[in-house]
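Let's take a friendly look at salt bridges. Keep the structure open beside you as you read.

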Amino acid sequence: MTDRVTVRAPAKINLHLGVGGPRDDGFHPLETVYTSVGLYDDVVATPATAWSLSLDAAAYVDADGVPLDDSNIVAAAARALADLHGRDVVAAVRIVKGIPVAGGLAGGSADAAAALVALDRLLDLQTSDDDLLRIAADLGSDVPFALHGGHALGTGRGEVVEPLPAGDAVLWWVVVPSTSGGLSTPAVYRHYDGLAPAASPVPAPATAVVEALAAGDVHALAEALHNDLQAPAVDLRPDLGELIALGEASGALRGLVSGSGPTVVFLCAGPDEARALAGVLQEDGRSALVANGPVAGAHVVHGI
C-alpha cells in the first residue's frame with residue numbers, strides 16, 4: 001500500500017449528441033462523439049481506518065450542491081469495488097474539483113472514474129480493465145469515457161465506448177460555466193421528449209463529426225457539431241442562446257451547449273483566437289476558461 005494516490009480525470013464535450021426516442025426502460029438511445037478537454041478533477045486517496053469524503057473546488061466552481069455522503073458517485077464507486085472483490089474498500093478520499101458542477105461536462109463521471117483507479121491502486125486490488133469498464137458503465141453513462149479520454153464514439157445510452165483516432169489536430173475551446181445554476185439532465189430529456197414526441201428510435205448518426213476528426217479539419221468539425229439536447233436546453237434557458245450568439249459574433253467558429261447544459265462551449269480556430277474570445281466574454285462579466293484537447297482519460301499523477 002502506498003501513502004497516497006492522486007488520479008486526474010478530464011471533462012468531456014459531446015461533439016455530436018444524437019438522441020433517439022425513449023426505450024422501454026426509459027433511457028434514450030444515443031449516438032455521441034466524446035472528446036476530452038483540459039479541465040480536470042483530481043481524486044486523492046490516502047489510507048485510513050474509516051471511509052471519509054471531502055472536497056475542494058476552484059473559485060469558478062459552485063460545489064455547494066455536491067453531496068459528501070453515501071449518495072456521492074465516488075462512494076458508489078468504492079461500494080462497487082468492495083462488492084467485486086468481497087472486501088472492505090476504505091480510504092480518506094478528497095475530490096479537488098476544476099470541472100463545473102451540473103454543467104454538462106461530466107464532472108461527476110470524471111470523479112467516479114478517477115476514484116475507481118485511485119482506490120484500485122491505493123489498495124492494490126488489481127482490478128482488470130474489463131471489470132473497471134463494467135463497473136464504470138453501471139455507475140453512469142459517461143464514466144467509461146472518463147476512463148478512456150481522447151476521442152470516442154459512444155452508443156447505447158453512451159456507455160458503450162469505441163475509441164476514435166486522435167489525429168494531429170489540437171482543438172481549442174472556450175468553456176463558459178453557467179452562473180445561474182445547473183440544468184437537470186432528466187428535465188432536459190423530458191423537455192426534449194415534449195418538443196420532439198415523434199423522435200426516431202434511431203439517433204442521428206455522427207458520420208460528419210467522425211470524418212472531420214479523421215481529416216483534422218477544425219472548420220469542417222465546427223460545421224458538423226450537433227446536439228439534439230441544445231434546443232430543449234435553450235428553450236428552458238433562453239440566456240444560453242444569447243450567449244451562443246455573442247460568442248459566435250465575437251470570433252468563435254461555433255458555439256454549442258455541452259451535453260444537457262447549461263455550460264456553453266466555443267470551438268475556436270486556435271489558441272490565440274480562444275484567448276481573444278475568452279477576453280471578450282470576461283469583459284462581458286462571464287467566467288470563460290480556455291482549454292484544449294483531446295487529453296488523456298483518468299490517469300495517475302501521484303503514487304503507484
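## Salt bridges in a predicted model

Asp111 and Lys97 bring their side chains together in a salt bridge, with 3.2 Å from N to O. This bridge ties distant parts of the chain to each other: Asp111 belongs to helix α2 (residues 107–122), Lys97 to strand β4 (residues 92–97), and the two are 14 residues apart. Keep in mind that the model you are viewing is predicted.

Are Asp111 and Lys97 buried or exposed? Both of them are buried.

Now for the wider picture. How many salt bridges does a search of the whole structure find? The search finds 11. Three of the pairs can be set side by side, including the one you have just met:

| Side-chain pair | N to O distance |
|---|---|
| Asp111 and Lys97 | 3.2 Å |
| Arg23 and Asp25 | 2.9 Å |
| Asp284 and Arg286 | 2.9 Å |

Try finding Arg23 and Asp25 in the structure. Arg23 has a relative accessibility of 33%, so this residue counts as partly exposed. Its partner Asp25 has 48%, and therefore counts as partly exposed too. To see why, remember that partly exposed covers the range between under 20% (buried) and over 50% (exposed).

Next, turn to Asp284 and Arg286, whose side chains also meet in a salt bridge. Asp284 is partly exposed because its relative accessibility is 44%. Arg286, at 30%, is likewise partly exposed.

Finally, return to Lys97 and Asp111: through salt bridges that share partners, these residues are joined with Asp41 into one network.

Notes. Residues numbered from 1 in each chain as written. Predicted model: local features only at pLDDT ≥ 70, side-chain atom pairs only at ≥ 80, totals over all residues. Heavy atoms only, no water. Salt bridge = Lys/Arg side-chain N within 4 Å of Asp/Glu carboxyl O. Buried < 20%, exposed > 50% of the residue type's maximum accessible area, 1.4 Å probe, protein only. Helix = DSSP H or I, 4+ residues; strand = E, 2+ residues; numbered from the N terminus.
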